[in-house]
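Okay, thanks for squeezing me in, everyone. Let me put the model up on the screen, and then we can walk through it together.

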Amino acid sequence: MSTYPYSFQANITKYDYQKYYYTVVYVPDDLAQKLDLESHMRLRVEVEIDGFPAKGTLMPDKVGSKQTEHLLKQGYKINKRIWYYQIPKRVLKEIDRSYGDNVNVEMRIGDQNEVEMHPAQEEFLEQRPDLKVIWDKLTPGKRRGLSYKVIQAKTDLTLNKRLDELEDLLLSL
């Protein structure tokens with residue numbers, strides 16, 4: 001039995017934003033209403049896409065924006081808010097799917113305060129109580145933003161450089 005209370009089928013769509021693009025699935029309107037998404041700017045969720053687990057955020061947009069014009073053809077009303085989940089590239093690679101493919105999405109609401117950190121970042125903050133005090137005063141969203149680049153470091157050299165940058169940022173707050 002699934003531990004995910006919500007599930008839906010979705011088409012993988014390209015979301016163009018200026019010079020960037022994302023791979024997303026749109027949350028069906030009936031599910032969005034059940035989740036009371038209008039009271040959240042962004043809702044942290046845990047998902048399985050075709051059986052592969054991931055974490056992320058449901059993001060809002062309005063139908064009729066450049067990125068969602070195609071939804072008008074599907075009967076959505078202009079300026080109606082619609083929610084999407086950005087699929088990480090590693091998930092697409094793992095499930096071997098791309099634009100236009102249909103996927104099964106299982107979802108549950110995640111911990112809204114969770115902040116993923118690199119183990120070296122956790123150790124760094126524990127060794128610097130002055131920085132830990134500043135860190136603890138930040139909102140979970142700001143902590144996630146600051147942790148993102150550190151988590152993405154692939155080499156020790158890059159990791160150390162990003163920890164130095166994190167120190168500078170925290171000291172400047």
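Let's start with a question: which residues do ring pairs link into a cluster? This is a predicted model, by the way, so keep that in mind as I talk. The answer is four tyrosines: Tyr15, Tyr22, Tyr26 and Tyr84 are joined into a cluster by ring pairs.

The count of aromatic pairs here comes to four. Take Tyr15 and Tyr22: their ring centres are 6.4 Å apart and the planes sit at 45 degrees, so that pair is tilted. Now, are those two buried or exposed? Tyr15 has 6% relative accessibility, so Tyr15 counts as buried. Tyr22 comes out at 27%, so Tyr22 counts as partly exposed.

Then there's Tyr26 with Tyr84. Here the ring centres are 6.2 Å apart with the planes at 70 degrees, and because that angle is over 60, the pair is edge-to-face. What I like about this one is that it links distant parts of the chain: Tyr26 belongs to strand 3, residues 20-26, and Tyr84 to strand 6, with their positions 58 residues apart in the numbering. Both Tyr26 and Tyr84 are buried.

While we're on rings, two charges are worth pointing out. Lys14 lies over the face of Tyr21, 4.7 Å from the ring centre. Arg108 does likewise with Tyr4, at 4.2 Å from the ring centre.

Okay, stepping back for the overall picture. The protein chain has seven helices and seven strands. If you read from the N terminus, the order is β-β-β-α-β-β-α-β-α-β-α-α-α-α. The C-alpha trace spans about 55 × 40 × 30 Å along its principal axes. Of the 173 residues in the chain, 34% are buried.

Now zoom in on strands 4 and 5. Strand 4 is 43-49 and strand 5 is 52-62. How do they pair? They're antiparallel, over seven bridges. Together they make a hairpin with two residues between the strands, and Asp50 in that turn has a positive phi of about 45 degrees. Within the pairing, Glu46 stands opposite Lys55 of strand 5.

Strand 5 has another partner, too. Five bridges join strand 5 to strand 6, residues 81-86, and those two also run antiparallel. Pro60 has Trp83 in strand 6 as its bridge partner. And just as a general reminder while you're looking at these strands, in a regular strand the side chains alternate between the two faces of the sheet.

That Glu46 and Lys55 duo comes back when we look at empty space. How many cavities of 30 Å³ or more does the structure hold? One, with a volume of about 40 Å³. Its lining is Arg44, Val45, Glu46, Lys55, Gly56, Gly110, Asp111 and Glu114. Strand 4 gives the largest share of that lining, three residues, and strand 4 and strand 5 each supply at least two. What's the lining like by class? It has five charged residues, two polar and one nonpolar.

The open space is another story. The largest pocket holds about 1,400 Å³. It's lined by 39 residues, and the closest to its centre are Lys55, Gly56, Gln86, Pro88 and Tyr148. Lys55 and Gly56 may ring a bell, since they line the largest cavity as well.

Who contributes to the pocket? Strands 2, 3, 4, 5 and 6 each give two or more residues to the lining, along with helix 3 (89-95) and helix 6 (140-152). Which element has the largest share? Helix 6, with seven residues. By class, the pocket lining divides into 19 nonpolar, 10 polar and 10 charged.

Last stop, just past helix 6. Lys154 is in the loop between helix 6 and helix 7, which is 156-172. Buried or exposed? Lys154 is exposed, because its relative accessibility is 76% and the cut-off for exposed is over 50%. Its C-alpha lies 35 Å from that of Ile82, and the two residues are 72 apart along the chain.

That's my tour. Happy to rotate the model if anyone wants another look.

Definitions and conventions
Residues are numbered from 1 along each chain as its sequence is written. This is a predicted model: local features need pLDDT of at least 70, side-chain atom pairs count only at pLDDT 80 or more; totals for chains, interfaces and linings use all residues. Side-chain values use heavy atoms; hydrogens and water are left out. On a 1 Å grid over the protein atoms alone, a cavity is a set of points where a 1.4 Å probe fits but cannot get out, and a pocket is an open set with protein on both sides within 12 Å along at least five of seven lines; lining residues have an atom within 4 Å of a point. Grid points are joined across faces, edges and corners, and a volume is the space filled by probe spheres set on the points. Helices (H or I, at least four residues) and strands (E, at least two) are DSSP runs, numbered from the N terminus. Ala, Val, Leu, Ile, Met, Phe, Trp, Tyr, Cys and Pro count as nonpolar, Asp, Glu, Lys and Arg as charged, and the others, Gly among them, as polar. Two strands pair if DSSP finds at least two bridges between them. Rings of Phe, Tyr and Trp (its six-membered ring) pair if their centres lie within 6.5 Å; planes under 30 degrees apart count as stacked, over 60 as edge-to-face and the rest as tilted. Buried means under 20% relative accessible area, exposed over 50%, partly exposed in between (1.4 Å probe, protein chains only). A charge sits over a ring if NZ of Lys or CZ of Arg is within 6 Å of the ring centre and within 35 degrees of the ring normal.
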